[in-house]
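Student: I have a structure open and would like to know how its labels are earned. Could we go through them together?
Tutor: Gladly; let us look at it first.

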Amino acid sequence: MKTVLRQARSYERSVQLLLLNQFTINLGFYMLMPYLAQHLSGALGLAGWTVGLVLGVRNFSQQGMFLLGGTLADRLGYKPLIVAGCLLRTVGFAALGLVDSVPALLAASAATGLAGALFNPAVRAYLAADAGERRVEAFALFNVFYQAGILLGPLVGMVLTGVDFTVTCLVSAGVFAVLSAVQIRALPARRGEAAGRSPEEREGVLRQWRGVLANRPFLLFSGAMIGSYVLSFQVYLALPLEVRRLGGDGGFGTVAVALLFAASGLGTLFGQTRVTAWCAARLAPGQALAWGLTVLGAAFVPLVVASAVPVPGGGPGRWALAVGPPVLTALLLALGTMVTYPFEMDTIVRLSGDRLVATHYGLYNTLCGVGITVGNLLTGAALDTARAAGLSALPWLVLTALGLACGAALYGLHRTGRMAAPGTAVQPATA
C-alpha cells in the first residue's frame, strides 16, 4: 500500500482528488446498496416484484443515461457533472431511508442511478485528461481505490444497518454531501475539447452522437470487451450460487461468499500496480487486453475440473469443494481484470482521438451494461438448465469459451491496427 500511496502522490492534485473521490463514492454506495433489498422486503414489507422494480429502476436509470451524462460532461465541463452527480446521490440516498411509499422509493432509486450516470463518465474523462501520458498507471491506481471502497463499504454498512437502516442511508448521504463540498471547493475546473468551443463552432448533440456511433474501431472494441464484464460479474452471480449450492445457505455459505469478495478485492488492492507495471513493460496495449480476456476465460477452468469430482456428502471434503475452486476462480478473475482495466480505459481515449472522451465513455458504459444484463440472464438460465440435465460443467465451459473468443477478437483488432489512435500509421504485424 505504501507503493500505491507513493504513486498517487506523484500525480498532480486533481488526479489525487479524483482517486480519493472514487474511493469515497464506492464507500458510500456499498455501505447502503447490499442491504437495500432486505430493507425493502423486510422492514417495509414490499412484495418481491416491487423490490425488483425499485432495484431495476436504479440500474436502468444509470445504464440508460450514461451516454447523456458523458455528452453533458463534454459540453459543460467535467467538474459540474461530478458535483451534480454527488449532490443528486446525496438526496437519493437520504430519501431511501426516509420514505416508504412505492412512488417515492422509485423516484429516489432513479435519482441514485442518474447520479452515477452523471459523474462516472466525467470522472474517467477528467482522470484521462489530467494524467496525460501516465494514463495507464493512473487507471491502475483508480482501480485500487475503486476496489478499496467496495471492500470497506459493506463492512461499514453492516455495522450501521445493525443499528437501523435509516442510519445507514443518512450516513451514506452525509458521505456524498461532504464529498460534494470538497469537490466544489478543491477540484479544479476542467473542460473537454467540445466544451472549449464557442456556441457557433459546437456541433449539435445528435451530430456528435452520430459521429461516435460511426467510430467503427471503437464499436468493435466495445463489443469485444463486453465479454470481460460478463465474466468478471460472475463473482456476484454464478460463483455465490455455486458456493451456496455446495455449502448451503447457513453460516458456512455466508462466510464462503464473503471469502469470494475478499479474495477478489484484496487481490486487486495488493496486486494491481505490480501487474500493470509488468504488462506495460512487456506487452503492447492490445496484447495486454487479449491476454487479460484469456485469463478471464481460463478463470473458470477450476470449476470445470471440480465438476468432474464426486461431491462428498458432507464434512471437510464438501467444504473444500464448495470454497476452493470458486475462490481460485475469483482470484483469476481479479487477475484478468487487473490486466485489462488500465489498458481498456486508455484504449477508449485513444480510439476517441481525444475528442468527446466522456461521450465515448458514456456509450461504452451503456453497451457494457446492456451486455451484463443479457449475459446474466443467459448465465442464470444456463446454470438452471445444466443442473437439471446433470451437466454441471457446461456453464463453466461456455464462460471459458466466451473469454477465449473475446481474447481472440481483441488480438485480431490489435493485429489489424484497429486499436490505434485515429490517423496513426499502422505498421504491418510480422509473424
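**Reasoning from values to labels**

Tutor: Asp130 and Arg190 form a salt bridge, with their closest N and O atoms 2.6 Å apart. The pair links distant parts of the chain, since Asp130 is in helix H7 and Arg190 is in the loop between helix H9 and helix H10, 60 residues apart. Please keep in mind that this is a predicted model.

Student: Why is the contact of Asp130 with Arg190 called a salt bridge?

Tutor: The cut-off is a side-chain nitrogen of Lys or Arg within 4 Å of a carboxyl oxygen of Asp or Glu. The closest N and O atoms of Asp130 and Arg190 are 2.6 Å apart, so the pair qualifies. In general, side chains of opposite charge can pair when their charged atoms come close.

Student: What makes Asp130 count as buried, and how is Arg190 classed?

Tutor: Buried means under 20% relative accessible area, and partly exposed lies between that and 50%. Asp130 has 15%, so it is buried. Arg190 has 29%, so it is partly exposed.

Student: Where do Glu242 and Arg245 lie, and what makes them a salt bridge?

Tutor: Both are in helix H12, three residues apart, about one turn of the helix. Their closest N and O atoms are 2.9 Å apart, so they meet the 4 Å limit. Glu242 is buried at 7% relative accessibility, whereas Arg245 is partly exposed at 34%.

Student: How many salt bridges does the structure hold, and which residues are linked in a network?

Tutor: There are five salt bridges. Arg135, Asp346 and Arg350 are linked in a network of them.

Student: Which residues line the largest cavity?

Tutor: Glu242 and Arg245 are among them, together with Ser307, Leu383, Ala386, Arg387, Ser392, Pro395 and Trp396. Helix H17 gives the most to this lining, with three residues. The lining divides into four nonpolar, two polar and three charged residues. About 50 Å³ of space lies in this cavity.

Student: How do you know that Cys86 is in no disulfide?

Tutor: A disulfide needs two cysteine sulfur atoms within 2.5 Å. The nearest cysteine sulfur to that of Cys86 belongs to Cys169 and is 17 Å away, so the pair fails the test. The search of the whole structure finds zero disulfides.

Student: Are Cys86 and Cys169 buried or exposed?

Tutor: Cys86 has a relative accessible area of 0%, which is under 20%, so it is buried. Cys169 is at 0% too, and therefore counts as buried.

How values were computed
Residues are numbered from 1 along each chain as its sequence is written. This is a predicted model: local features need pLDDT of at least 70, side-chain atom pairs count only at pLDDT 80 or more; totals for chains, interfaces and linings use all residues. Side-chain values use heavy atoms; hydrogens and water are left out. On a 1 Å grid over the protein atoms alone, a cavity is a set of points where a 1.4 Å probe fits but cannot get out, and a pocket is an open set with protein on both sides within 12 Å along at least five of seven lines; lining residues have an atom within 4 Å of a point. Grid points are joined across faces, edges and corners, and a volume is the space filled by probe spheres set on the points. Helices (H or I, at least four residues) and strands (E, at least two) are DSSP runs, numbered from the N terminus. Ala, Val, Leu, Ile, Met, Phe, Trp, Tyr, Cys and Pro count as nonpolar, Asp, Glu, Lys and Arg as charged, and the others, Gly among them, as polar. Buried means under 20% relative accessible area, exposed over 50%, partly exposed in between (1.4 Å probe, protein chains only).
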